[in-house]
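With the model open in a viewer, please follow the stops below in order, making each selection before reading what is found there.

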Amino acid sequence: MGTFKALRVFSENDKVSCRVVEVNLDELSAGEVVFKTAFSSVNYKDALAATGAGRIIRSFPRVGGIDATGTVESSFDPRFSPGDEVICTSYEFGVSHDGGFAQYCRVPADWVVPLPGGLTLHEAATLGVAGYTAGLAVELLELNGMAPVNGKVLVNGATGGVATLAIDVLAKLGYHVVAVTGKEAEHDFLKKLGAQEVLSRHKLEMGTRPLEKALWAAAFDSVGGEQLAWLTRTMQEGGLIASFGNAGGIEFKTTVLPFILRGVRLIGVNSGDTPMPLRRKIWGRLGADLKPRHLAEIARDITLGELPAYFEKMLKGQIRGRAVVKL
Ligand SMILES: NC(=O)c1ccc[n+]([C@@H]2O[C@H](COP(=O)([O-])OP(=O)(O)OC[C@H]3O[C@@H](n4cnc5c(N)ncnc54)[C@H](OP(=O)(O)O)[C@@H]3O)[C@@H](O)[C@H]2O)c1
């Protein structure tokens with residue numbers, strides 16, 4: 001194997017930036033499994049990492065990309081053989097270990113998930129960390145009793161990666177989904193994915209009382225900040241909130257009343273360090289009962305070279321759905 005293309009993140013003159021360069025395998029972080037990358041995808045965390053907008057990467061240069069799918073070239077671990085189709089996401093991938101924005105990846109075998117039945121490599125990359133997070137959130141809320149008969153489910157940051165996939169999955173499972181978006185032009189798209197109602201983020205009347213009218217049985221929160229605070233105040237008795245995002249801020253202010261008077265449960269979702277048995281279970285479900293019905297409409301293919309401009313748009317909240325990087 002000679003050199004191949006990778007998007008590397010550099011820190012030069014105290015400024016973080018990224019560009020496509022040629023690398024060879026010996027330059028990548030060590031690991032037992034080498035796979036030829038088919039696809040990667042773009043997550044909010046990738047945009048934070050590659051632009052320096054968030055202090056995600058601590059040692060440079062680093063190949064970015066927190067998820068990838070591909071075909072095993074070689075493995076020192078008996079669990080994987082050449083030709084196996086695999087997924088690698090999360091852990092330190094694309095953070096302190098070289099990531100998925102490269103034509104080859106070398107990773108610890110413990111991070112590798114065999115491609116489950118029901119998914120192609122392109123579909124698995126369309127899901128990526130975003131789909132995995134949506135699937136994990138559904139699983140955690142179901143464990144706490146989420147069911148379509150309980151009432152409406154709100155999904156905010158609705159045109160984002162995790163949210164579009166969550167809407168698609170929840171609608172398929174029979175939930176009445178209410179989407180909240182800042183993009184007026186995307187209401188029809190969200191309805192096509194399965195949202196029954198679409199609310200404009202800028203027109204939300206949030207009120208200020210510790211408990212407002214009870215509206216939602218469950219909520220999937222990409223945003224944090226004011227919107228998460230509003231959600232706590234507007235959940236029904238026993239309402240369940242999956243908190244996984246901070247696109248609108250990391251702080252939120254509420255009172256204990258939703259928790260002690262309505263039994264609201266705030267459930268944290270961290271896709272990064274899920275134990276492997278649960279990770280495999282969620283990926284299995286994503287190829288079966290949780291497989292979104294509109295992956296092709298949600299995905300848009302881009303190239304490595306298009307990534308820097310895409311990161312900027314993502315940080316400004318100007319994207320829709322998922323960008324899949326064709327390697
Ligand atoms: N916990 C985990 O394991 C985990 C895993 C994956 C992602 N995340 C987090 O989840 C969030 C969503 O990730 P993603 O990859 O889906 O990102 P994304 O594709 O960029 O989606 C974020 C969406 O949030 C909305 N938004 C953006 N800025 C906003 C603001 N200032 N106020 C309110 N809404 C805003 C936008 O949707 P609208 O224009 O439609 O409102 C945007 O499309 C991020 O915070 C990410 O870091 C966490």
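## First stop: paired strands

Begin by selecting β5 together with strand β6, residues 85–89: the two run antiparallel and are joined by five bridges. Within this pairing, T69 stands opposite I87 of β6. Keep in mind throughout that this is a predicted model. Now add strand β3, residues 33–41, which runs antiparallel to β5, residues 67–75, and is joined to that strand by seven bridges. In this pairing the residue to pick out is S40, which stands opposite A68 in β5.

## The three-stranded sheet

Select next β1, β2 and β4, which form an open sheet of three strands in the order β2-β1-β4, with antiparallel pairing. Because β2 (15–23) and β4 (62–63) each have a single partner strand, they stand at the edges, and one side of each is left without a neighbour in the sheet. Strand β1, residues 4–12, pairs with β2 in the antiparallel sense over nine bridges, and V9 can be found opposite C18 in β2. Helix α1, residues 44–51, packs on this sheet, where it touches β1 and β2, and its direction makes about 100 degrees with that of β2.

Zoom in now on the connection between β1 and β2, which form a hairpin with two residues between them. N13, in the turn, has a positive phi of about 50 degrees. D14, found in the loop between β1 and β2, has a positive phi of about 65 degrees although it is not a glycine. Beside the turn, E12 has K15 in β2 as its bridge partner.

From there, move to the loop between α1 and β4, where P61 lies. The peptide bond to select is the one from F60 to P61, which is cis, with omega near -10 degrees.

## The six-stranded sheet

Select β9 to β14 for the next stop: these six strands form an open sheet in the order β11-β10-β9-β12-β13-β14, and the pairing is parallel. The edges are taken by β11 (197–200) and β14 (265–268), each with a single partner strand, so one side of each is left without a neighbour in the sheet. Viewed along the sheet, the twist averages 20 degrees from one strand to the next.

Within the sheet, look at strand β12, residues 216–221, and strand β13, residues 235–243, which run parallel and are joined by five bridges; here A219 stands opposite I241 in β13. Helix α2 packs on the sheet and touches β12, β13 and β14, its direction making about 150 degrees with that of β12. Turning to α3, one finds that this helix lies across β9 (153–156), β10 and β12, running at about 160 degrees to β9.

## Two helices in contact

Keep α2 selected and add α7. At what angle do the axes of these two helices cross? The axes of helix α2, residues 121–143, and helix α7, residues 276–286, come within 9 Å and cross at roughly 105 degrees. As angles of 65 to 115 degrees count as roughly perpendicular, α2 and α7 are therefore roughly perpendicular to each other. To display the contact, select A124, L127, G128, G131, Y132, G135, L136, E139 and E142 of α2 along with L278, R279, K281, I282, W283, R285 and L286 of α7. By class, this contact of α2 with α7 has eight nonpolar, three polar and five charged residues.

## Last stop: the largest pocket

Finish at the largest pocket, in which about 1,100 Å³ of space lies. Which residues are the closest to the centre of this pocket? Of the 46 residues that line it, those are Y44, S222, G245, N246 and A247, and selecting them is a convenient way to place the view. For a wider selection, show α1, α2, α3 (161–172), β10 (177–181), α5 (225–234) and α9 (307–315), each of which supplies at least two residues of the lining. Coloured by class, the lining of the largest pocket shows 22 nonpolar, 19 polar and five charged residues.

How values were computed:
Residues are numbered from 1 along each chain as its sequence is written. This is a predicted model: local features need pLDDT of at least 70, side-chain atom pairs count only at pLDDT 80 or more; totals for chains, interfaces and linings use all residues. Side-chain values use heavy atoms; hydrogens and water are left out. Axes are lines fitted to C-alpha atoms, for helices over the stretch in contact, and angles run from 0 to 180 degrees between N-to-C directions. Helices (H or I, at least four residues) and strands (E, at least two) are DSSP runs, numbered from the N terminus. Angles under 35 degrees count as roughly parallel, over 145 as roughly antiparallel, 65 to 115 as roughly perpendicular and the rest as oblique. Contact means heavy atoms within 4.5 Å. Ala, Val, Leu, Ile, Met, Phe, Trp, Tyr, Cys and Pro count as nonpolar, Asp, Glu, Lys and Arg as charged, and the others, Gly among them, as polar. Two strands pair if DSSP finds at least two bridges between them. On a 1 Å grid over the protein atoms alone, a cavity is a set of points where a 1.4 Å probe fits but cannot get out, and a pocket is an open set with protein on both sides within 12 Å along at least five of seven lines; lining residues have an atom within 4 Å of a point. Grid points are joined across faces, edges and corners, and a volume is the space filled by probe spheres set on the points.
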